[in-house]
Amino acid sequence: MLTHRRADFPDGFLFGAATSSYQIEGHASGGAGRTHWDDFADTPGNVAGAQRGDIACDHLNRMDEDLDLLRDGNFDVYRFSTSWARVLPEGRGEVNAAGLDFYDRLVDGLLERGLKPAATLYHWELPSPLADLGGWRNRDIADWFADFTRVLMERIGDRVWSVAPINEPWCVAWMGHFLGHHAPGLRDIRATARAMHHVLLAHGRAVEVLRDLDVSNVGAVCNFEYAAPADDSAEAQHAARRYDAYYNRFFLGGLMNRRYPDEALEGLGQHLPDGWQDDMELIGQPLDWLGLNYYTRKLIAPADGPWPSLQEVEGPLPKTQVGWEVYPEGLHAFLRRVHEGYTRGLPLYVTENGMALADRVSGGAVHDPRRADFLDAHLAQVRRAIDDGVPVKGYFTWSLLDNYEWNMGYGPRFGLVHVDYATRARTPKDSYHTLAEALAQ
Ligand code: FCB
């Protein structure tokens with residue numbers, strides 16, 4: 001049940017919903033170039049059913065309907081992302097005019113409906129020609145990304161409410177280059193270390209461009225996973241600390257404190273590009289806000305083998321459709337920790353939080369009471385952080401729509417709105433209606 005209402009939060013607190021380009025737009029349309037996600041999905045065994053984002057939610061052609069859903073849901077702000085390959089099909093050089101037009105219409109469509117446009121410039125669909133050149137392993141990506149930032153923001157930067165260059169640096173670097181679960185599907189510690197640093201360098205170069213263009217409200221979005229030791233042993237505690245270092249503290253430390261944690265450097269230091277220390281000034285330039293994406297916790301145990309010598313252990317808490325434990329207290333812990341140790345007064349936003357359920361339409365409705373419970377439990381933790389004095393200024397649900405959930409394909413349903421992938425019909429779920437009511441002015 002959703003017990004929280006808008007009035008339970010401070011004046012001006014923003015409620016939003018989030019999506020990302022490749023997950024909803026339909027990448028085969030509108031002149032977008034090939035991306036490393038298409039390459040990853042075309043490689044057997046990487047993505048459930050080898051599914052790709054070719055049509056996805058067909059948001060490209062249904063944008064108005066989707067923006068109406070945001071307006072009618074009483075949201076204040078919409079967090080969307082822009083596809084590099086839609087704007088620059090080859091990653092560099094020639095611009096796809098239809099791509100820029102689409103984002104221009106999206107921003108205007110939001111403003112017309114009284115919604116604030118919160119843009120994320122990169123949410124994982126790297127143009128394939130740049131992947132061919134080494135992608136995130138190549139230091140030049142910082143300049144390529146800065147150029148893309150300029151092309152796009154010269155067009156829409158005057159009307160967006162906020163901008164974050166890169167969604168979840170950890171996922172870009174670690175999921176893609178260490179675990180191999182995301183594009184480009186590598187399992188290589190050296191590639192990982194380089195990608196970790198270059199993704200922050202690209203953030204830094206993009207921020208320079210945004211400042212130069214006078215774009216307002218520039219921030220960053222990191223994802224956090226609460227790392228708990230699997231048992232009381234000192235070994236499990238050390239393992240959880242290592243996990244926490246490369247997952248939660250590496251990017252945050254670089255962005256906010258201009259340093260990487262020692263526990264991460266133990267394993268990654270020798271693989272970082274020469275002279276990385278000289279980039280920390282650029283990486284750590286002042287920001288206007290920080291966004292936290294939070295979903296779950298992990299129980300961590302030690303393991304044999306090379307650094308980081310750890311393994312995940314299944315936990316006892318209730319799980320979502322994708323097997324993630326529901327642990328709302330972790331959100332409170334991170335809001336406090338980020339504020340006290342890193343951002344020290346900067347506005348914080350929960351930029352993603354939500355759950356996957358195996359939702360079905362029956363009789364024209366979708367009954368998803370567990371989603372309202374999930375939202376309520378996490379909003380309670382946001383409220384608790386605000387009471388502790390943490391400047392949390394907004395909360396975004398992931399996601400507006402069911403969509404392409406990366407290597408899990410179209411199976412997991414994270415949306416407030418159900419999408420039928422045969423017809424692309426949208427059906428607002430019970431959680432959408434409940435939240436809309438709670439957010440009514
Ligand atoms: C986040 C991603 C988002 C979606 C959710 C479930 O890590 O930013 O695209 O996949 O997880």
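Is Ala119 buried or exposed? In this predicted model, Ala119 has a relative accessible area of 2%. Because residues under 20% count as buried, Ala119 is buried.

**Surroundings of Ala119**

Ala119 belongs to strand 3, which covers residues 116–122. Leaving aside residues up to four places away in sequence, Ala119 is in contact with Phe80, Val160, Ser162, Val163 and Ala164. The C-alpha atom of Ala119 lies 20 Å from that of Leu252, a residue 133 positions away along the chain.

**The protein as a whole**

The fold comprises 15 helices and eleven strands. The protein is as compact as a globular protein of 441 residues, because its radius of gyration of 20 Å is close to the 22 Å given by the globule rule for that length. Along the principal axes, the C-alpha atoms occupy a box of roughly 55 × 55 × 45 Å.

Buried residues make up 63% of the 441 in the protein, and Ala119 is one of the buried residues. Among contacts with a separation of 6 or more, 76% join residues 24 or more positions apart.

Surface and charge values are listed below.

| Property | Value |
|---|---|
| Exposed area of the protein | about 16,000 Å² |
| Share of that area from carbon and sulfur atoms | 47% |
| Positive side chains | 43 side chains |
| Negative side chains | 63 side chains |
| Distance between the centres of the two charge sets | 1 Å |

The protein thus carries 43 positive and 63 negative side chains, with the centres of the two sets 1 Å apart. Carbon and sulfur atoms supply 47% of the exposed area.

How values were computed. Residues numbered from 1 in each chain as written. Predicted model: local features only at pLDDT ≥ 70, side-chain atom pairs only at ≥ 80, totals over all residues. Heavy atoms only, no water. Helix = DSSP H or I, 4+ residues; strand = E, 2+ residues; numbered from the N terminus. Rg over C-alpha atoms; globule rule 2.2 N^0.38 Å. Buried < 20%, exposed > 50% of the residue type's maximum accessible area, 1.4 Å probe, protein only. Contact = heavy atoms within 4.5 Å. Areas by Shrake-Rupley, 256 points an atom, 1.4 Å probe, with all protein chains shown as cover. Lys, Arg positive; Asp, Glu negative; His and termini not counted. Charge placed at Lys NZ, Arg CZ, Asp CG, Glu CD.
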